[in-house]
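Let's take a friendly walk through this structure together. Please have the model open as you read.

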Amino acid sequence: MTHAMLKGSNVPLEATTVRAVLRWTPGQGVPDVDVSALLLGADGQVRSDEDFVFYNQPRHPSGAVWRLGKKRIADGLTDTIQSDLAGVEPGVGRILLVASADGEPFDRVPALGISLYDATLADGEPLARFDIRPETGAETALICGELYRRGEGWKFRALGEGYSNGLKGLATDFGISVDESEAADGERTPEPTAAPGALPPERPFTPEPQVSVPQVSMEPPTAAVPQQPPAYGYPQTMPPAVGGDPGFRLPPQGPQFVGR
């Protein structure tokens, strides 16, 4: 049975691997939307910049949290984060599930919502669904919900808390160090957009060898990718490495991104 969530409500999770699917309806004037995750320690802050899983750093070094990318569904688009809760390091107590709207306010993003699935089931119905309604509409980043430890298990809480200064402001608030020299406005330069209603290009990736990440920079990715995504579906375990990804780069100063 799917739990219809209200803001502030929570639900226990029996699944050990969960897929958090952010969905919205694209259209003329609708900004592109991305999902991200922040892994927080006991103090409510990231332990390092590696605890930020986003479009230019799509897999956590532990391998327990990673992005699956954008897909088209019958009634819109989705972007997905998958978490192996059993493999999350003991020092992580919460995983924030975040949406950012390319620097545009979320009042321009219709039918925004997040659903949680048991990732071990190919065609199961959602465990929980939360329809997100921004409080002011001026938010450019939202904490949609959080996965958090409770005793020996995990729970999901619906939040819908907004930030008007985008993904940069949200990430900084939780301890991510941002390179101000790359983008003074804190937002990513928009990528070329497809025709209205078309699926935004996918960003495939190959995980790089793990390195120390001293600072996150705000430079945009430059990957050019096919317009047609693969058939909709999700792996039940973490996907194996595939071909090289020009969009995922780890230069000497750390992973590069521009917050949406």
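At 21% relative accessibility, Arg157 counts as partly exposed, a class that lies between buried (under 20% relative accessible area) and exposed (over 50%), with a 1.4 Å probe and protein chains only. Its salt-bridge partner is Glu146, with the closest N and O atoms 2.3 Å apart. Glu146 is buried at 4% relative accessibility. Arg157 sits in strand S12 (residues 153–163) and Glu146 in strand S11 (residues 141–150), so the pair ties together parts that are eleven residues apart in sequence. Strands here are DSSP runs of E with at least two residues, numbered from the N terminus.

A word on the basis of all this: the model is predicted, so local features need pLDDT of at least 70 and side-chain atom pairs count only at pLDDT 80 or more, while totals for chains, interfaces and linings use all residues. Residues are numbered from 1 along each chain as its sequence is written, and side-chain values use heavy atoms, leaving out hydrogens and water.

**Salt bridges**

The structure holds twelve salt bridges, each defined as a side-chain nitrogen of Lys or Arg within 4 Å of a carboxyl oxygen of Asp or Glu. Here are three of them, including the one above.

| Salt bridge | N to O distance |
|---|---|
| Arg157 and Glu146 | 2.3 Å |
| Asp32 and Lys70 | 3.7 Å |
| Lys70 and Asp34 | 2.7 Å |

Which residues join Lys70 in one network of salt bridges that share partners? They are Asp32, Asp34, Arg67 and Asp79. Asp32 lies in the loop between strand S3 (17–24) and strand S4 (34–40), and Lys70 in strand S6 (residues 65–73), so this pair links parts that are 38 residues apart in sequence. Asp34 belongs to strand S4, so its bridge to Lys70 in strand S6 ties together parts 36 residues apart. Asp32 and Lys70 are both buried; Lys70 has 3% relative accessibility, and Asp34 is buried with a relative accessible area of 0%.

**Nonpolar cores**

The largest nonpolar core has 38 residues, and those with the most contacts inside it are Leu22, Ile95, Leu97, Ile114, Leu147 and Phe156. Such a core is a set of buried Ala, Val, Leu, Ile, Met, Phe, Trp, Tyr and Cys residues joined through side-chain atoms within 4.5 Å. Strand S3 supplies the largest share of this core, four residues. Apart from it lies another core of 18 residues, among them Leu159, Tyr163, Leu167 and Val178. Beyond four places in sequence, Ile95 touches residues including Leu39, Val65, Leu85, Leu147 and Trp154, where a contact means heavy atoms within 4.5 Å.

**Strand S2**

In strand S2 (residues 10–13), Val11 and Leu13 point to one face and are buried, while Asn10 and Pro12 point to the other and are not. Four bridges join S2 to S12, and the two run antiparallel; strands pair if DSSP finds at least two bridges between them. Pro12 has Lys155 as its bridge partner in S12.

**Confidence**

The protein averages a pLDDT of 79, and 69% of the residues score at least 70; pLDDT is the predictor's confidence in each residue, from 0 to 100. Among the elements, strand S14 (residues 216–217) has the lowest mean pLDDT, 56, and S4 the highest, 98. Over residues 181–214 pLDDT stays under 50, and the model has 100 contacts beyond four places in sequence for that stretch. Residues 223–254 also have pLDDT below 50. Where pLDDT is low, the predicted coordinates should not be read in detail.
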